[in-house]
2 protein chains.
Amino acid sequence: MAKLKAHAVLSALGDPTRRAIVEKLSERPHSVSKLAAPLGITLTAVAQHLQVLEECGLVRTEKIGRVRTAQLRADGFQVLRSWVDDRRSLVERQLDQLAAMLREDEN
Amino acid sequence: MAKLKAHAVLSALGDPTRRAIVEKLSERPHSVSKLAAPLGITLTAVAQHLQVLEECGLVRTEKIGRVRTAQLRADGFQVLRSWVDDRRSLVERQLDQLAAMLREDEN
DNA sequence: TCGTTACTGAAGTGTATGCTTCACTAATGG
DNA sequence: CCATTAGTGAAGCATACACTTCAGTAACGA
């Protein structure tokens, strides 16, 4: 079901706020509050986004005391990378076929 | 502005119907009608999706006679791949740092 | 122990956007 | 030519979902 997971990742990254969160987290792990501040949205909103990101394997969160800290996970990115590479190789195959056909036509 | 473009690609692929179109096109180029049939949506809807996919560099379309044919482009995928790889390398760096810190702690 | 901080869960709101309909143009083919 | 097929543009609808508010809990720290 790697395909299904890739769809979940793409669906999650479709939202600009979640992409902002991911980019922020790619610097270093952050608490919910630290993520919310620069985005100008409520903690609740951030928590909701984090849940989506967590479900698709892009983020892991851990609550210590009253602070929940989020950090990126490699898993989701790996799945996404595979999906992209699959499509990309199919595109290139099509381009090769096209080129071959054009060569045929020249005869 | 490679970053902005990656965002456009991710935004486009956030929609399940557009992902279905992309996956269909990764077999071979298709006309608007051929894309619409299995999806159970109107030609108009497909045309709208194709416009989004075209704007972000994932698809190229060409109209010959009354038939518009869509095919995948490598460009959008390349941009997306770069974005994913950037994040992924940052994640791995963080994991390395964490591992190093844990080793420190063992002393 | 009391005030503040950090978050959570439920419930409601507003809006972006995916999709439709309809009226139209233009190419195709019998 | 005439009927059919393929697609387009404008305009409207309707629903998903991003975000809020509010009321609550639990941890921290002075």
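Trainee: How are α3(A) and α4(A) set relative to each other, roughly parallel or roughly perpendicular?

Mentor: Helices α3(A) and α4(A) are roughly perpendicular to each other. Keep in mind that this is a predicted model. In general, a pair of packed helices is described by the angle between the axes and the distance between them. Here α3 (residues 32–39) and α4 (residues 43–55) of chain A pack at about 115°, with axes 9 Å apart. Angles from 65 to 115 degrees count as roughly perpendicular.

Trainee: Which hand does the crossing of α3(A) and α4(A) have?

Mentor: The crossing is right-handed.

Trainee: Which residues of α3(A) and α4(A) meet?

Mentor: On the α3(A) side, A:Val32, A:Ser33, A:Leu35 and A:Ala36. On the α4(A) side, A:Leu43, A:Val46 and A:Ala47. By class, this contact has 6 nonpolar residues, 1 polar and no charged.

Trainee: Take α2(A) and α4(A). At what angle do they pack?

Mentor: Use the two descriptors again. Helix α2 (residues 16–25) of chain A packs against α4(A) at about 75°, and their axes are 10 Å apart. That angle makes α2(A) roughly perpendicular to α4(A). From α2(A), the contact takes A:Thr17, A:Arg18, A:Ile21 and A:Val22. From α4(A), it takes A:His49, A:Val52 and A:Leu53. The classes are 4 nonpolar, 2 polar and 1 charged.

Trainee: Now the sheets. In what order do the strands of chain A run across the sheet?

Mentor: Read a sheet by strand order, then by pairing sense, then by its edges. In chain A, 3 strands form an open sheet in the order β1-β3-β2, with antiparallel pairing. The edge strands are β1 (30–31) and β2 of chain A, each pairing on one side only.

Trainee: How many bridges join β1(A) to β3(A)?

Mentor: Strands β1(A) and β3(A) pair over 2 bridges, in the antiparallel sense. A:His30 has A:Ala70 in β3(A) as its bridge partner. Helix α2(A) packs on this sheet, touching β1, β2 and β3 of chain A. The direction of α2(A) makes about 85° with that of β3(A).

Trainee: And how many bridges join β2(A) to β3(A)?

Mentor: β2 (residues 59–64) of chain A and β3(A) pair over 6 bridges, again in the antiparallel sense. A:Val59 stands opposite A:Leu72 in β3(A). The two strands form a hairpin with 2 residues between them. Look at A:Gly65 in the turn, where phi is positive, about 65°.

Trainee: Which strands stand at the edges of the sheet in chain B?

Mentor: Start with the order. The sheet of chain B is open, with 3 strands in the order β1-β3-β2 and antiparallel pairing. β1 (30–31) and β2 (59–64) of chain B have a single partner strand each, so one side of each is left without a neighbour in the sheet. Strands β2(B) and β3(B) pair over 6 bridges in the antiparallel sense. In β3(B), B:Thr69 is the bridge partner of B:Glu62. Helix α2(B) packs on the sheet, touching β1, β2 and β3 of chain B, and its direction makes about 85° with that of β3(B). Helix α4(B) lies across β2 and β3 of chain B, at about 125° to β2(B).

Trainee: How many residues of chain B are in contact with chain A?

Mentor: Count residues on both sides. 25 residues of chain B are in contact with 24 residues of chain A. On the chain B side, α1 (2–13), α2 (16–25), β3 (67–72) and α5 (74–106) each supply at least two residues. α5(B) gives the largest share, 12 residues. By class, the chain B side has 12 nonpolar, 6 polar and 7 charged residues.

Trainee: Which residues come nearest to DNA strand D?

Mentor: There are 20 residues around DNA strand D, and the nearest are A:Thr42, A:Gly65, B:Ser31, B:Val32 and B:Ser33. Elements giving two or more residues are α4 of chain A, with α3 (32–39), α4 (43–55) and β3 of chain B. The largest share, 4 residues, comes from α4(A). That surface has 6 nonpolar, 9 polar and 5 charged residues.

Trainee: And which come nearest to DNA strand C?

Mentor: Of the 20 residues around DNA strand C, the nearest are A:Ser31, A:Ser33, B:Thr42, B:Ala45 and B:Gly65. At least two residues each come from α3, α4 and β3 (67–72) of chain A and from α4 of chain B. Here α4(B) gives the largest share, 4 residues. The classes are 6 nonpolar, 9 polar and 5 charged.

Methods
Residues are numbered from 1 along each chain as its sequence is written. Chains are lettered from A and ligands numbered from 1 in the order in which they are written. This is a predicted model: local features need pLDDT of at least 70, side-chain atom pairs count only at pLDDT 80 or more; totals for chains, interfaces and linings use all residues. Axes are lines fitted to C-alpha atoms, for helices over the stretch in contact, and angles run from 0 to 180 degrees between N-to-C directions. Angles under 35 degrees count as roughly parallel, over 145 as roughly antiparallel, 65 to 115 as roughly perpendicular and the rest as oblique. Two residues are in contact if their C-beta atoms, placed from the backbone, lie within 7 Å. Ala, Val, Leu, Ile, Met, Phe, Trp, Tyr, Cys and Pro count as nonpolar, Asp, Glu, Lys and Arg as charged, and the others, Gly among them, as polar. A crossing is left-handed if the near helix is turned anticlockwise from the far one by less than a right angle, and right-handed if clockwise. A residue is near a molecule or strand if its C-beta atom, placed from the backbone, lies within 6 Å of it. Two strands pair if DSSP finds at least two bridges between them.
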